[in-house]
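These are my notes from an afternoon spent with one model. I wrote down each thing I looked up, together with what I found.

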Amino acid sequence: MKKSMLSIKQSYIVCAIGVVVLFGVLMGVCETGAVSLYVKGIIMTCCIAVIMTTSLNLTIGVLGQLTLGCCGFEAIGAYSAALFSKLLVANGVVMNDTVRFLLVTVAGGLVACIFGVLIGIPALRLHGDYLAIITLGFGEIIRVIIQNLKVAGGEGLDKGQQGQALIGIDRLANLYVVFWITVVTVVLLFMFARSRYGRAVKAIRDDEIAASASGINITYMKVLVFAISAFFAGIAGGIFAQYIGALTPSMAGWLQSINYVIMVVFGGMGSLTGSIVSAIGLTILPELLRAFSDYRMLVYSVVLVLIMIFRPQGIFGNWEFSLPKAINRIFYPKGKKGKNGDAGKAEATGVEETKEAKHE
Amino acid sequence: MRHKFAGRAAALCVAAAMTLSLTACSGGNMYATSEDSMKLSDNSVITLGSVTTNSGAAAAYGEAEVNGFKLAVSEINASGGILGKQIKLKSMDDKGDVIEASNAFNRLAGEKDVIGILGPTISSTTGAVAPLADQNQLPSIAPAATSDSIETGGYLFRTCFKDSYQGEIAAKFAAEDLKVKKVAVLYGTGDPYSSGVGKAFVNAAKKAGLEVVAEENSSSADDTEYSSQLQKVQAAGAEFLYAPYYYSAAGPYIIPQARAVGYNGYIMGPDGYDGLQITGNKARYNKVLYTTHYSPDDTSNKKVQKFITSYKKANNGASPNTFTALGYDSVYMFKQAIEKAGPNASRADIRKAIYGMSFSGVTGKFTLDSHGSPKKSVIVLEMKNGKPTYRSTIEPAK
Amino acid sequence: MGNQIIMFISQIFNGLKIGSVYSLVALGYTMVYGIIRLINFAHGDFIMVGAYVLMLTIPAIIACGLPAWLSVVPAILVCVAVGVIVEKAAYKPVREKGNNMTALITAIAMSLLLENGSQAVFGADYQTIPTIIQIPSIAIGDLKIDGATIVTVLLGIIIMIALQLFVSHTKQGKAMRAVSEDKEAAILMGINVNSTITLTFAIGSGLAAVASLMYCISYPQVSPMMGAMLGLKAFVAAVLGGIGSIPGAMVGGLVIGVVESLTKAYIGTITGGVITSAFADAIVFGILIIVLLVKPSGLMGEPESEKV
């Protein structure tokens, strides 16, 4: 039986190779000039959407709490990163573009994370509908505050005025770097979801009172998940700021957040694979159907209702794609499927993520 | 457990190191610095791209612009084209979204036969596209994006006057033409257009010696209830209220509510009032004025009547609006620049030809300043009997 | 000083003008939430549907020689139909299979569907509504009170009392309360739960049509997105009053309206310009957050404990 399976170590290697191959393809098409700037822009947008959707899925799918304020955190991350970047330049700090990009992006993520904790502690005392509404409220407050902050309009900086879009942000986002940030994000989220913490979080989702009775610190876990989600939303915001180069407060609005909620729900609550697929799909689809764009949201809403009625768990449910498993299936067809590790429940790995099997 | 984490951390470090070394490769860059654009002589037609907002909340503006582009292109093509070549228009919709606008602009920039861009429509998308225009070295003319902050002084130009200019003109008009003393202002802080124009008005009013008795804000430019702020304006004894909003807020909400709280002075707005619809009692809309780019009643400019006639002929008798006129002029600006740059011009040559150009069109005579914005004459319209009527033309300060 | 007091009272009435509309909308929210514990996100959009019906039917009603406000009748019919269809086609199947979260997502989806559907049908443009009725304003000394505000407040109070009587004294009303208390027990008592819920939706949607009439008298313009913010604010009002409580919705709506108005009028002066009237929306949501954290049952709701 063991012979027919890839070992855990081999699974890691297979996944790593998978990611590198994917990157090789990306580099190949970019370096040879096979794709235009336009396609690169879409790939960049896909990466941002993947980070937003997978991190939001941690709260919605794994923790089971609906939040409608993820774009508030994205906006905090974006504005912090943009202002930090401007600050570095204004103070004459000279550094490599990539280093500066990474530094300010992570700074944006951290600021968003701090706000995630500050908002999460009170908000997560509520759940269900009330949590959704309170996060929506926080998102709107963030938007109004950004609107009224002098510095967020660029007042007092090189140019700009309160109430205006923040512009002149150095466009340092490099597609390769962003690709790797996306990979790292997905890997970390995957590792978290499959770790002891992740299992505790799922226990909370399935039965809060039982989880509490088993000694899980519910508040701590909830705030932790919320903060992690906020951190990666902030990272996505930082990338966005340095890709687009101009920010408006409307990016924090709740309608924007709903877009990402739609992506999570389409893909499947709890499935990172689903989030990745739907984030990429729902980013590319409107580009392919430009002529159809007037009816995009109309179709989304109908499909959303149908999914809720016929497949409430989303297209992929909580299923994860696994490269080693797929390889196993190809090389060792049916009947030889064995169980991996000693816990017996392990699903191997995701499309571009390594993970450990469930054993302590 | 521990060594597993160490292993993973090491893997991540390797990935990070790889990434850093890879950034030396150019493929990951999100813009092309020296993309060889084609010259005009490489193609049998001249291709202009357009990025406008044709769906979403600002769709009406983008549609009107595209109508203007189409009219100008068909006129030019009918009269022999530019330098003997026909013009082709490649239109794309940005949905009023910054990402969509960037993607659409990048797409057109990557098509080497595209020699210039018309658009984008609104200030937020233009702000996102402005650095792209510079980085891709693709000359762009935004017909109606009025925000001050989009100026780069590089490849982005515009046909309309900018927000601060409009606020200054309004202050000048209040002081010199209406001869009022006490003025008030109400603007939406959340809206770049509204707050940009409003703040410029306050500064200019103070300079012009007017007393600003009230400076009120609303959250956004699409609130429905302004009575509280208007009550304060009324109580402060203002004779003139400057309320830079869109027609959709001014027509049904601000003006009737101002009259309802007992304010009977002047109300003035910017070009966003274009398309103002009156509701209920017409008399409430008396003493309402707004600045705009062009007036169909303006008999001093012959091009206006010609434009209106040919637009009506091409569109089953429908009337053009300001955005159509600005779009129409933008195409003619390209025509003038391409003719000046000559048959061998590249994108960069055309940009040079636009820079600082003097132009005379439907929306007036103007010269582009070093930031790419025109100093041009402003038309003031006044609501009379529920209809906007031509009042005066304010020439730019020399 | 006298001027200041008149100013203050005027500002309160300015607040009541929008607050009374919030109240009417909040009543609909609270009816639906009370019975199926679902935040009907689409409720704000029922107002939008009603407003479009008003816009389309007013010319016909006037042509028939009837007063324009009678167009509320077709508006009520259409809104009730839309509300019942939404319940039957979407909410009911989801309620039977899914959990709270899927129900909420369905509500959001219905809201998006109505907004984008009407955008596809009517276009994204703003359209004005002809004058429905001229209600003269009342002048008491220097104080001028908008007539429409008084009518809306009175209408809200009448509807509130009617609903309260309906819920406590009629058979259907008692059935509603029973379903709201305990669905399973209600079934055992021979109550037809589904038809009771449908009736609730019909009443809630009908109220939305009345609210859209009063909204359009004061704010004569329609657009596909008009219900979104109005719905959110009304929801805040319902939570503030105690969601599920009928008088609470009425009081909550008026309080939110007055708070908004007083914020716009005085906060700049009080805080020395640090916080301006542009923060009005943030303050409304701030109230929501504080209420939810401090007293989730609201001003007039009954506290509810978590069941295992």
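**Backbone oddities**

I began with B:L83, which counts as partly exposed because 15 C-beta neighbours lie inside 10 Å, short of the 20 that a buried residue needs. I kept in mind from the outset that this is a predicted model. The reason I had stopped at B:L83 is its phi, which is near 50° and so positive in a residue other than glycine. I placed B:L83 in the loop between α2 (59–78) and β2 of chain B.

I then turned to C:R37, which is likewise not a glycine and has a positive phi of about 50°. C:R37 sits in the loop that joins α1 (2–36) and α2 (43–63) of chain C, and with 17 other C-beta atoms within 10 Å I entered C:R37 as partly exposed.

Which peptide bond is cis? I found that the bond from B:G119 to B:P120 is cis, with omega near -5°, and I traced B:P120 to the loop between β3 (114–118) and α4 of chain B. I noted these cases since most residues other than glycine have a negative phi, and most peptide bonds are trans.

**The sheet of chain B**

I next followed the strands of chain B, which form an open sheet of five in the order β2-β1-β3-β4-β5, with parallel pairing. The edges are held by β2 (87–93) and β5 (156–158) of chain B, each of which has a single partner strand, so one side of each has no neighbour in the sheet. I recorded an average twist of 25° from one strand to the next.

For the pairing of β1 (residues 46–52) of chain B with β2(B), I noted seven bridges in the parallel sense, and I wrote down B:L89 in β2(B) as the bridge partner of B:L48. What lies across β1, β4 and β5 of chain B? I found helix α4 (residues 123–136) of chain B there, running at about 165° to β4(B), which spans 140–142.

**Chain A**

I counted 13 helices and zero strands in chain A. Of its 360 residues, 57% count as buried, and among contacts between residues of chain A at least 6 apart in sequence, 80% join residues at least 24 apart.

I also consulted the UniProt annotation, an unreviewed entry, which lists "transmembrane region" over several stretches of chain A, including residues 76–95 and 173–193. In the model, residues 76–95 of chain A are 75% helix and 0% strand, with their end C-alpha atoms 24 Å apart. For residues 173–193 of chain A I noted 90% helix and 0% strand, with 28 Å between the end C-alpha atoms.

**Where chain A meets chain C**

I looked up this contact and found that 33 residues from chain A and 33 residues from chain C take part. On the side of chain A, α5 (129–148), α10 (254–267) and α12 (296–310) each supply at least two residues, and α5(A) gives the most, with 13 residues. By class, I listed 24 nonpolar, five polar and four charged residues on that side of chain A.

**Confidence**

Last, I checked the pLDDT of chain A, which averages 84, with 89% of the residues at 70 or above, that is, scoring at least 70. Among the elements of chain A, helix α9 (residues 218–244) has the highest mean, 95, and helix α13 (residues 323–331) the lowest, 80. I marked residues 336–360 of chain A with caution, as the pLDDT there is below 50, although this stretch has 67 contacts in the model beyond near neighbours in sequence.

Note on methods. Residues numbered from 1 in each chain as written. Chains lettered and ligands numbered in written order. Predicted model: local features only at pLDDT ≥ 70, side-chain atom pairs only at ≥ 80, totals over all residues. Pairing = 2+ DSSP bridges. Helix = DSSP H or I, 4+ residues; strand = E, 2+ residues; numbered from the N terminus. Axes fitted to C-alpha atoms, helices over the stretch in contact; angles between N-to-C directions. Contact = placed C-beta atoms within 7 Å. UniProt positions renumbered as here; feature names shortened; annotations may be inferred. Buried ≥ 20, exposed ≤ 12 C-beta atoms within 10 Å, placed from the backbone. Nonpolar A, V, L, I, M, F, W, Y, C, P; charged D, E, K, R; others polar. pLDDT = per-residue confidence, 0-100.
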